[in-house]
Amino acid sequence: MHRRLLTADEVFDGKQLWSRAVIVLDEQGYVESFIPHADAQQRRAAEYFSGLLCPGFINVHCHSELAYLKDQIPRGTGLVDFILTLMDIRHSAAFSAKTKFQAIARADELMYQAGIVAVGDIVNTTDSLPVKQSTSLYYHHFVECMGVPDAIADARWEQAQQLLSQWTRQTAFPASLTPHAPYSVSDTLFQRLAHQSQTLISFHNQESAAENEWFLSGQGELQRLYDALQIAPHAAAACGTTSLQHVLPFFSRANQQVILVHNTFTPATDIQWATQSFPGQLYWCLCPKANLYIEQQLPPVEPLLAYAADRIVIGTDSLASNDSLSVLEELKCLQQHFPFLALENLLRWATWNGARALQCDSWLGSFTPGKKPGVVHISAIQDQRLTPASQSQRIA
Ligand SMILES: [Zn+2]
């Protein structure tokens, strides 16, 4: 490796776009300096890329361990049938340990090549553990915990603790216990998870209309899920608030940080209430392609932009509900469906905001001297917009 000077038609530094910038990397890939207004001589000395350069992407929500389930679950069935199919096939003998390992290793490699540098990865097993022992990416593992009714909270807590200790003992990465979702975790278990010493939490939030319906009225599609799984339903049925208003108050410590994932059916009133009641604690993760895959819906971008623009982050979800684990493809999807979104906003969500959400912003997320954020080249940019032909590639 040698010292490198890099430039492009546009350079996004993590916060904003510059049209004549040069990035200077030292021999190890650390940012030595960032020159926002480079002169002609500095630009000539730099390697030029057509299009845009930005820091490495942060994929805030992923389930890399489900990589072997690509194209296995039908699209557009709604969340309840998606979950039932997933539970039915994920432990099928049709998928050998070798098949799983190869799919996960491939997903890890493709994420790297497409510009992802850090991943918030949900784990329910140790299937991806061997891959994490030799990966080039940074991971935060969220060991998922679920269970209703309240009576099984102790048993589920113990199980999750054991899985957590495997992850913390056998990899170099941080890990925390995290609830799956408000409808699948009893209040007792939610409370225990909220009181652990780890302060970074991430849960699936309002991913279906049925979730709010259950908490508001005790009716709807979730009854079918509980019946099919032959489990007692969540006891907060008809508690009279939305699911988010029911569970967020468990996170009463101001140093706790909660990443809310999907938010597909979060009403604007909940977004306003949550951002005002938990200032500085929340991140809102958008996984639009998975939402289209499962529910054929998109998240409420307008109210999120109004109340929490500097707290929006991007996730790919899993290959069980997506055809790729590409942050750029999520941004293209958002720009296509919400044409008013500026490229600067989208890139900030995918880099700087994501790094803060996963607490890796001291070395990732921006071209700040001393950091080693990786450099991504995005091609086929037109008038500061992504085009269908835009592709992302890691170049440093
Ligand atoms: Zn998920």
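Ser321 lies in the loop between β13 and α13, and in this predicted model the residue is buried, with a relative accessible area of 1%. Leaving out residues up to four places away in sequence, Ser321 touches Phe82, Lys289, Ala290, Tyr293 and Ile294.

One of these partners, Ala290, belongs to helix α11, which spans residues 288–294. Ala290 is likewise a buried residue, and its relative accessible area is 1%. When neighbours within four places in sequence are set aside, the contacts of Ala290 are His262, Glu295, Asp317, Ser321 and Asn322. A further link in this region is given by Ala290 and Ser318, which stand 28 residues apart in sequence, while their C-alpha atoms are 7.9 Å apart in space.

**Helix α12 and its surroundings**

Helix α12 covers residues 301–308, and its buried residues are Val301, Pro303, Leu304 and Ala308. Seen down the axis of α12, these buried residues fall within an arc of 165°, and so they line one face of the helix. An α-helix has 3.6 residues a turn, so residues three or four places apart point the same way. The buried residues of α12 pack against two helices, α10 (268–277) and α13 (327–337), and against two strands, β12 (282–286) and β13 (312–314).

**Helix α10 and its two sides**

In α10 the buried residues are Asp270, Ile271, Ala274 and Thr275. Around the axis they cover an arc of only 120°, and they are therefore on the same side of α10. On the other side of this helix, Thr269 and Gln276 are exposed. The elements against which the buried residues of α10 pack are α9 (243–247), β12 and α12; β12 also appears among the elements packed against the buried residues of α12.

**Two helix pairs**

Two packed helices are described by the angle between their axes and the distance between the axes. The table sets out these values for two pairs.

| Helix pair | Angle between axes | Distance between axes |
|---|---|---|
| α10 and α12 | about 20° | 9 Å |
| α5 and α6 | about 40° | 9 Å |

With an angle of about 20° between their axes, α10 is therefore roughly parallel to α12, and the crossing of these two helices is right-handed. The contact is made by Ala268, Ile271, Gln272 and Thr275 on the side of α10, and by Pro303, Leu304, Tyr307 and Ala308 on the side of α12. By class, the residues of this contact are six nonpolar and two polar, with no charged residue. Among the residues of α10 in this contact are Ile271 and Thr275, which are also listed as buried in α10, and from α12 the contact includes Pro303, Leu304 and Ala308, which are buried residues of that helix.

The other pair is formed by helix α5, residues 153–170, and helix α6, residues 187–194. At an angle of about 40°, α5 and α6 are therefore oblique to each other, and their crossing is right-handed. From α5 the contact involves Ala153, Asp154, Arg156 and Trp157, and from α6 it involves Thr188, Leu189, Arg192 and Leu193. The residues in the contact of α5 with α6 comprise four nonpolar, one polar and three charged, whereas the contact of α10 with α12 has no charged residue.

Definitions and conventions
Residues are numbered from 1 along each chain as its sequence is written. This is a predicted model: local features need pLDDT of at least 70, side-chain atom pairs count only at pLDDT 80 or more; totals for chains, interfaces and linings use all residues. Side-chain values use heavy atoms; hydrogens and water are left out. Axes are lines fitted to C-alpha atoms, for helices over the stretch in contact, and angles run from 0 to 180 degrees between N-to-C directions. Helices (H or I, at least four residues) and strands (E, at least two) are DSSP runs, numbered from the N terminus. Angles under 35 degrees count as roughly parallel, over 145 as roughly antiparallel, 65 to 115 as roughly perpendicular and the rest as oblique. A crossing is left-handed if the near helix is turned anticlockwise from the far one by less than a right angle, and right-handed if clockwise. Contact means heavy atoms within 4.5 Å. Ala, Val, Leu, Ile, Met, Phe, Trp, Tyr, Cys and Pro count as nonpolar, Asp, Glu, Lys and Arg as charged, and the others, Gly among them, as polar. Buried means under 20% relative accessible area, exposed over 50%, partly exposed in between (1.4 Å probe, protein chains only). The arc is that of the directions from the helix axis to the C-beta atoms.
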